[in-house]
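Here's a quick briefing for anyone meeting this structure for the first time. Have a look at the chain below, then read on for a tour by topic.

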Amino acid sequence: MEERALGGTCLNEGCIPSKVLLNSSKIFHYTTDYGKLYGVVCDGSHVEQKTVIERKRRVIDTLVGGVGMAMKANHVEVVNAIGTIAGRNGDTIAVEAEGKTYETKYLIVATGSKASVPPIPGVKEGIASGFVMTNFEALELTELPKRMVVIGGGVIGLELAAYYGVVGCKVDVVEMLPKIAGPIDAEISTLLQKGYEKEGMTFHLGAKVVRVEGDGVVFEKDGKEQKLTCDKVLLAIGRKSVIDTCGIERLGIVTERGAIRVDDQMRTNALNVFAVGDCNGRSMLAHSAYRMGEVAVNTILGRKDRMRYKAIPSVLYTNPEVACVGMSEEQAKEAGIETVSVKLPMAYAGRYVAENEGGNGIAKFIFDKKYRTLIGAHVMSNYSSEFIVACGIMIEQEMTVDAIREIVYPHPSVSEIIREAAFAVKL
Ligand code: NAI
């Protein structure tokens, strides 16, 4: 049962549409003065926001259509309506939609998440008037605002700032913590911030938004209030699991810290009821959700499977991209693991130098000293989103540095940084 279009937040108002926008800003970047460094001169270029959004709609339509076809091909009936759990009779769970009752032995809840709306004065009114946007509205704008304030320097805030800040909008990011990009390695987040400052973006760190007014945002920093005037505000301060739309209470399903509690097989406390994706709050990423769905289905089919979280990649699709998998040095220390790390500039990879004029990318690899295995990789570089999976496999398979050294990489490729690190590490 799906109330809206198939594909959820990821496809309709998250991962996919934001990549469409970011791709346009990456292309545009080469038509600015930056492109001249490559011998590409396109004076007077600009971004046609309407065309970008039209293309975004086409991309979404294609992919939503593809999901629909996959459903048909697999004989899955899609009920385009809100599903509500009616109750249980022994082994049978009843779910109602559009006045019809569907009976099932097994139920998978995948209700996702929604943008958190904080009780900051003026935010609710701002959302109602359209002045304050969540990711949804920010991916729908057909006209470029002149000035935008982004509240929250996390993943959504940075990806959308990376688009709007490059295509001609003056962007200020207001972040409560002393650094942007949440748990991402501090050195990498500083380099990323510096890169975007060069593009004209301004970051206000350790800054708490105290109210939103009709024409701007007021924040407090070091005990002083400051106001930023703007045409639009993007609210990106995190997401909340959706747990109140399908009647989980009728089956006595237990929630914890605002999310459905699940075990490693994605089982809730209720017999034969599973919860996958953002609604269980365990790893709020689309790729984690896929895997959780597979684990739940395998468990239903009696196949042995278990959700593991240690090698789930996380990617910031900024320019440059930041991709991480496994532990940071701090996490390893907390877990009592003795580590040996290696940090390399991306310039160690020939293709990176060929394609990134003035690039400041870096890569950090963390190894377990005792077992000589890779336990963490943190990379700021183009293509890192594509090759981080290799590091994830190495971590998941507990590959030793010797085994990693034997792998052959395509040359030249940015991924060769892994090989360089494996030979550079003092292990
Ligand atoms: P987030 O948790 O990544 O970042 C929110 C930021 O807002 C934090 O840095 C926090 O300190 C800050 N903040 C909170 N309250 C604030 C306030 N009052 N004033 C100033 N700053 C404040 O949340 P975000 O960016 O909304 O993303 C939500 C979810 O979406 C994440 O869980 C992420 O996993 C997912 N996502 C993943 C993407 C990816 O994998 N590339 C892309 C976009 C979203």
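Let's start inside: Y163 and Y164 are both buried. Keep in mind that this is a predicted model. The domain assignment splits the chain into domain 1 (8-114 + 240-300), domain 2 (123-237) and domain 3 (315-424). From that pair of tyrosines we'll move on to the other rings, the cores, the strands and the domains.

**Aromatic rings**

- The structure has four aromatic pairs in total.
- Y163 and Y164 make one of them: their ring centres sit 4.9 Å apart with the planes at 80°, so this pair is edge-to-face.
- Y30 and Y34 make another, with centres 5.8 Å apart and planes at 45°, so this one counts as tilted.
- Y30 and Y34 also belong to an aromatic cluster, together with Y38.
- Is Y30 buried or exposed? It's in between: with 36% relative accessibility, Y30 counts as partly exposed, because that class covers what falls between under 20% (buried) and over 50% (exposed).

**A closer look at Y34**

- You'll find Y34 in helix α3, which covers residues 33-36.
- What does Y34 touch, leaving aside its neighbours within four places in sequence? Its contacts are H29, N356 and E357.
- With E357 there's a polar detail too: the side chain of Y34 comes to 3.1 Å from the backbone oxygen of E357.
- For a sense of scale, Y34 and V209 are 175 residues apart in sequence, and their C-alpha atoms are 34 Å apart in space.

**The nonpolar cores**

- The largest nonpolar core contains 40 residues.
- Which residues have the most contacts inside it? They are M148, Y163, Y164, V171, F203, L234 and V322, so our buried tyrosine pair turns up again here.
- Several elements give two or more residues to this core: α2 (15-29), α4 (49-73), β7 (147-151), α7 (155-164), β8 (170-174), α8 (186-198) and β19.
- Helix α7 supplies the largest share, at six residues.
- V322 has plenty of company: beyond its neighbours within four places in sequence, it contacts I184, I188, L192, S314, V315, L316, V379, M380 and S384.
- Apart from this core lies another one, of 31 residues, including V325, F365, L374 and I417.
- As a general backdrop, nonpolar side chains in soluble globular proteins tend to be buried together.

**Strands around β22**

- Strand β22 (residues 373-380) is mostly covered, with eight of its eight residues buried.
- β22 pairs with strand β19 (residues 322-326) in the antiparallel sense, over five bridges.
- In that pairing, V325 stands opposite A377 of β22.
- β22 also pairs with β21, again antiparallel, this time over seven bridges.
- Which residue of β22 is the bridge partner of D368? It's T373.
- β21 and β22 form a hairpin with four residues between them, and R372 in the turn has a positive phi of about 60°.

**Another hairpin: β2 and β3**

- Strands β2 (residues 92-97) and β3 (residues 100-104) run antiparallel and are joined by five bridges.
- One matched pair here is I93 with T104, the latter in β3.
- Two residues separate the strands of this hairpin, and E98 takes a positive phi near 50°.

**Helix α14**

- Which residues of α14 (residues 416-424) are buried? They are E416, I417, I418, A421 and A422.
- The cover over these buried residues includes β20 (339-345), β21 (362-368), α12 (384-396) and α13 (401-405).
- I417 is also among the residues of the 31-residue core.

**Domains and the start of the chain**

- Domain 1 and domain 2 have their C-alpha centres 25 Å apart.
- How many residues take part in the contact between them? It's 18 residues of domain 1 with 16 residues of domain 2.
- G7 sits in the segment before α1 (8-13).
- G7 has 36% relative accessibility, so it counts as partly exposed.
- G7 and D231 are 224 residues apart in sequence and, C-alpha to C-alpha, 31 Å apart in space.

Notes:
Residues numbered from 1 in each chain as written. Predicted model: local features only at pLDDT ≥ 70, side-chain atom pairs only at ≥ 80, totals over all residues. Heavy atoms only, no water. Buried < 20%, exposed > 50% of the residue type's maximum accessible area, 1.4 Å probe, protein only. Contact = heavy atoms within 4.5 Å. Polar contact = N/O pair within 3.5 Å; in protein donor to acceptor, adjacent residues only side chain to side chain. Phe/Tyr/Trp six-rings, centres within 6.5 Å; stacked < 30°, edge-to-face > 60°. Pairing = 2+ DSSP bridges. Core = buried A, V, L, I, M, F, W, Y, C linked by side-chain atoms within 4.5 Å. Domains from an automatic or database assignment.
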